[in-house]
Amino acid sequence: MKPHASDLVAAAVVTLLPWQQYICHACGYIYDEAVGDADGGLAAGTRYADIPDDWACPLCGVTKSDFELYAAPSPAALRARTTVGGSNRRASSQRHRPGVVIVGGGRAGWQMAENLRAADADLPLTLVSACAGDRYDKPQLSVGLARGIAADQWIKERAVDAARRLNLTLLPHTQAIRICRDTRQLRTTRGNLSYAHLVLAHGAQAALPAALPAALCWRINHLDAYLKLRSALGDTPRQVLIVGAGLIGSELANDLALGGHSVTLLDLQSEPLARWQAEQAGQQLLQAWAQLPLRFVGGVKVAALAAVNGRYQVSTECGQHFEADQVIAAAGLQTPGRLAQSAGLAWQHGIAVDPLTLCSSAPGIYALGDCITVNGQASRFIEPIARQARSITAAILGGNAVPYEQRAALVRVKTSSMPLTLH
Ligand code: FE
């Protein structure tokens with residue numbers, strides 16, 4: 001049958017239409033039609049219109065309906081953004097007003113700074129970061145090898161550039177030590193900071209099982225540690241042992257195996273991703289992993305880890321022994337409690353916050369991201385962070401309240417050999 005003339009026109013339009021980009025509202029990930037999303041099953045050249053409705057954002061897990069057409073800002077718009085802060089006179093008169101101090105230079109801390117600055121050009125903002133505070137996409141750490149992301153490609157924006165753009169005072173490589181509620185001061189390794197409002201966004205740390213000495217194993221919850229691990233692994237195939245087959249352990253195991261390393265993955269449970277057993281996540285992964293140099297050993301508890309001749313020996317309580325070049329602890333996350341305790345903040349496996357305003361038990365102290373719990377539940381995903389920052393911004397600056405709403409997370413497991421979306 002001869003093609004109809006209008007079909008030919010349609011085909012021509014499809015091929016000629018430039019590739020478009022779409023941005024995720026929740027996390028800022030940009031879907032590029034030209035590139036696609038290989039892990040999510042979208043080949044290069046997949047139009048946004050052709051993406052299935054159940055596809056999930058590779059960074060934060062929201063679905064297609066949370067994306068909108070993206071146009072890169074023009075140079076003029078970028079210039080306008082860098083001149084926030086009002087006139088010099090106004091800025092200098094504001095300088096001694098205690099403003100908002102944010103603790104944490106990860107996604108939650110920076111998101112908070114973005115929102116506050118967008119809502120108030122003059123508000124004095126200080127961001128205290130234990131690390132350099134450079135901005136990068138943490139979820140990508142678990143797909144870095146398979147995607148061939150080189151050491152110098154991780155950082156999306158240097159902390160100093162973000163600080164300049166947002167007109168904030170950045171204290172990098174600075175530890176927040178203690179909160180004095182009475183005087184509204186934060187004590188840091190670089191002196192005391194006065195605040196009108198304090199926002200805790202310092203995240204969580206990888207938990208360390210009792211049998212694993214910190215000095216002998218890696219904990220990958222930060223770019224710095226990840227890059228050190230990559231450099232320790234080098235370019236030759238190594239034997240890597242990972243303790244913990246939750247989301248992070250399973251994704252890392254998958255990525256290291258795709259990168260040619262020989263991986264042993266241990267877990268207390270009998271299958272990986274046991275939390276999502278009802279969705280048969282573990283069984284699907286095990287099938288996919290049959291093709292990779294990746295061995296899962298379930299139902300074991302690590303009893304000891306020792307360094308012997310530059311390598312590591314791991315033994316389990318049931319008497320199994322393993323050797324590896326590198327050992328990674330991926331046994332979940334826990335919130336460091338010292339700072340919150342110094343202010344006597346209510347604590348429930350994390351900083352307990354009001355479910356609507358995200359205010360802690362102390363007036364003027366808010367918290368968001370991985371360090372909080374709402375009704376005793378942590379939700380350590382990317383998607384809620386932008387909504388949490390909006391609620392806190394409204395609570396701090398007044399005006400109309402933007403109540404936070406806790407939602408069930410949609411989790412995309414970034415195991416390129418078997419992409420899974422879990423609820
Ligand atoms: Fe997203």
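## Gly 369 and its surroundings

In this predicted model, Gly 369 has a relative accessible area of 2%. Because buried means under 20% relative accessible area, Gly 369 counts as buried. The residue sits in the loop that runs between strand S21 (365-367) and strand S22 (372-373).

When neighbours within four places in sequence are set aside, Gly 369 is in contact with Ala 108, Ile 385 and Gln 388. Ala 394 offers another point of reference for Gly 369: the two residues are 25 apart in sequence, and their C-alpha atoms are 17 Å apart in space.

## Asn 221, a second buried loop residue

Asn 221 is also a loop residue, placed between strand S11 (205-206) and helix H6 (223-233). With a relative accessible area of 14%, Asn 221 is buried. Residues up to four places away in sequence are not counted in the following list: Asn 221 touches Tyr 136, Lys 138, Ala 204, Gln 205, Ala 206 and Leu 333.

## The iron site

Which residues hold the protein donors of the iron ion? They are Cys 24, Cys 27, Cys 57 and Cys 60; each contributes its SG atom, lying 2.3 Å from the ion. The angles among the four donor atoms run from 104 to 117°, and the site is tetrahedral. The assignment follows because four donors count as tetrahedral if all angles lie between 85 and 135 degrees. For comparison, the ideal angle for four tetrahedral donors is 109.5 degrees.

Along the sequence, the donor residues follow the spacing C-x2-C-x29-C-x2-C. Cys 24 and Cys 57 thus link distant parts of the chain, being 33 residues apart. Cys 24 belongs to strand S1 (residues 21-24), whereas Cys 57 lies in the loop between strand S2 (30-32) and strand S3 (67-70). Both Cys 24 and Cys 57 are buried.

## Salt bridges

How many salt bridges does a search of the whole structure find? The total is 14. One of them joins the side chains of Arg 107 and Asp 137, with an N to O distance of 2.7 Å. This pair links distant parts of the chain, 30 residues apart: Arg 107 is in helix H4 (residues 107-119), and Asp 137 is in the loop between strand S5 (125-128) and helix H5 (159-165). The two partners differ in exposure, for Arg 107 is partly exposed at 22% relative accessible area, while Asp 137 is buried at 11%.

Another salt bridge connects Arg 407 with Glu 405, where the closest N and O atoms are 3.6 Å apart. Arg 407 is partly exposed, at 43% relative accessibility, and Glu 405 is likewise partly exposed, at 45%. Elsewhere, salt bridges that share partners join Glu 114, Arg 135, Glu 157 and Arg 165 into one network. Within this network, Glu 157 and Arg 165 form a salt bridge whose closest N and O atoms are 2.9 Å apart. Glu 157 and Arg 165 are both buried.

## Nonpolar cores

In soluble globular proteins, nonpolar side chains tend to be buried together. The largest nonpolar core here has 50 residues, of which Trp 110, Leu 186 and Leu 200 touch the most other members. Helix H4 supplies the largest share of this core, with five residues. A second, separate core has 37 residues, including Trp 154, Leu 273, Phe 381 and Val 413.

What lies around Leu 186, beyond its neighbours within four places in sequence? Its contacts include Val 101, Val 103, Val 128, Ala 176, Ile 179, Leu 193, Leu 198 and Leu 339. Arg 178, Gly 191, Asn 192 and Tyr 195 are also among the residues in contact with Leu 186.

## The protein as a whole

The protein contains 10 helices and 24 strands. Its C-alpha atoms fill a box of roughly 70 × 65 × 40 Å along the principal axes. The radius of gyration is 23 Å, which agrees with the value near 22 Å for a compact globule of 423 residues.

Buried residues account for 48% of the 423 residues. Among contacts between residues at least 6 apart in sequence, 61% join residues at least 24 apart.

How values were computed
Residues numbered from 1 in each chain as written. Predicted model: local features only at pLDDT ≥ 70, side-chain atom pairs only at ≥ 80, totals over all residues. Heavy atoms only, no water. Donors = N, O, S within 2.8 Å, 3.2 Å for Na, K, Ca; no water. Tetrahedral: all angles 85-135°; square planar, octahedral: opposite > 155°, others 65-115°. Helix = DSSP H or I, 4+ residues; strand = E, 2+ residues; numbered from the N terminus. Buried < 20%, exposed > 50% of the residue type's maximum accessible area, 1.4 Å probe, protein only. Salt bridge = Lys/Arg side-chain N within 4 Å of Asp/Glu carboxyl O. Core = buried A, V, L, I, M, F, W, Y, C linked by side-chain atoms within 4.5 Å. Contact = heavy atoms within 4.5 Å. Rg over C-alpha atoms; globule rule 2.2 N^0.38 Å.
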